[in-house]
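Trainee: Got a minute to go through a model with me? I'd like to start with the aromatic rings.
Mentor: Sure, pull it up.

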Amino acid sequence: MEKQELQKKNAEFIRKIKERDPLYFNKLKEGQKPEFLVLSCSDSRVSPSIITEMPLGYMFVHRNIANQVAVEDESFSASLYYALKYLEVKEIIVKGHTDCGGIKAAWSDNDDEELQTWLSKIRKDLPQKDVSKDMTIDELTKINVLKQVDNLKKHPIFKTYGKGVGVRGCLFHVESGELESLV
Ligand SMILES: [Zn+2]
């Protein structure tokens, strides 16, 4: 897709919204009060607001490969802090998906130097390969979501600012479009 095509699509997006509500962007400019913080994989097929038909302003989204929660990840920590302290989100959703390339790469002993720091985070939370060699990628993906939910609940920022905030783990099925609730 060319740059011009993106601009054409954007103009179309504006036109459709203004047709329904001419003041839409004036209201959008007033600020955000999203109900959810979503931690999602970066995969291009799993955009959280598209799969749930959520309009702009409803989801504060942080994305990384294989939806990881790591205390040493400053970018996620900043998103978490901002979402809890300033946006006062009501719920946090950790959303993995089937056919996850991040889980596949971690499991297949990918050795690209540029990916190793990140893949080591993913590997740390997967079962030991020798005891679970028959597991499918989708089973591992579920384990990963549950583990990241656990990591989130133990995150110092969540422990300080997350009182009363719900945490949910979900798995998006790319083969059917279903959003499965895991916990
Ligand atoms: Zn993924």
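Mentor: Let's talk through the aromatic pairs and then a charged patch, keeping in mind that this is a predicted model.

Trainee: OK, how many aromatic pairs are there?
Mentor: The count comes to six aromatic pairs. One of them joins Phe13 and Phe25, whose ring centres are 6.2 Å apart with planes at 65°, so that pair is edge-to-face.

Trainee: Where do Phe13 and Phe25 lie?
Mentor: Phe13 lies in helix 1 (residues 3–20) and Phe25 in helix 2 (residues 24–29), so the pair ties together parts 12 residues apart in sequence. Phe13 is partly exposed at 35% relative accessibility, and Phe25 is partly exposed too, at 25%.

Trainee: And what about Tyr81 and Tyr161?
Mentor: Those two are also an edge-to-face pair, 5.1 Å centre to centre with 90° between the planes. Tyr81 lies in helix 4 (residues 74–86) and Tyr161 in helix 8 (residues 156–161), so here the parts tied together are 80 residues apart in sequence.

Trainee: Which cluster do they belong to?
Mentor: Tyr81 and Tyr161 sit in one aromatic cluster with Phe60, Tyr82 and Tyr86.

Trainee: Switching topic: which residues form the negative surface patch?
Mentor: That's Asp111, Asp112, Glu113 and Glu114.

Trainee: Is Glu114 buried or exposed?
Mentor: Exposed, with a relative accessible area of 72%. Glu114 is in the loop between helix 5 (101–107) and helix 6 (116–124).

Conventions. Residues numbered from 1 in each chain as written. Predicted model: local features only at pLDDT ≥ 70, side-chain atom pairs only at ≥ 80, totals over all residues. Heavy atoms only, no water. Patch = residues over 30% accessible without salt bridge, like charges linked within 9 Å, V, L, I, M, F, W, Y side chains within 5 Å. Areas by Shrake-Rupley, 256 points an atom, 1.4 Å probe, with all protein chains shown as cover. Salt bridge = Lys/Arg side-chain N within 4 Å of Asp/Glu carboxyl O. Lys, Arg positive; Asp, Glu negative; His and termini not counted. Charge placed at Lys NZ, Arg CZ, Asp CG, Glu CD. Helix = DSSP H or I, 4+ residues; strand = E, 2+ residues; numbered from the N terminus. Buried < 20%, exposed > 50% of the residue type's maximum accessible area, 1.4 Å probe, protein only. Phe/Tyr/Trp six-rings, centres within 6.5 Å; stacked < 30°, edge-to-face > 60°.
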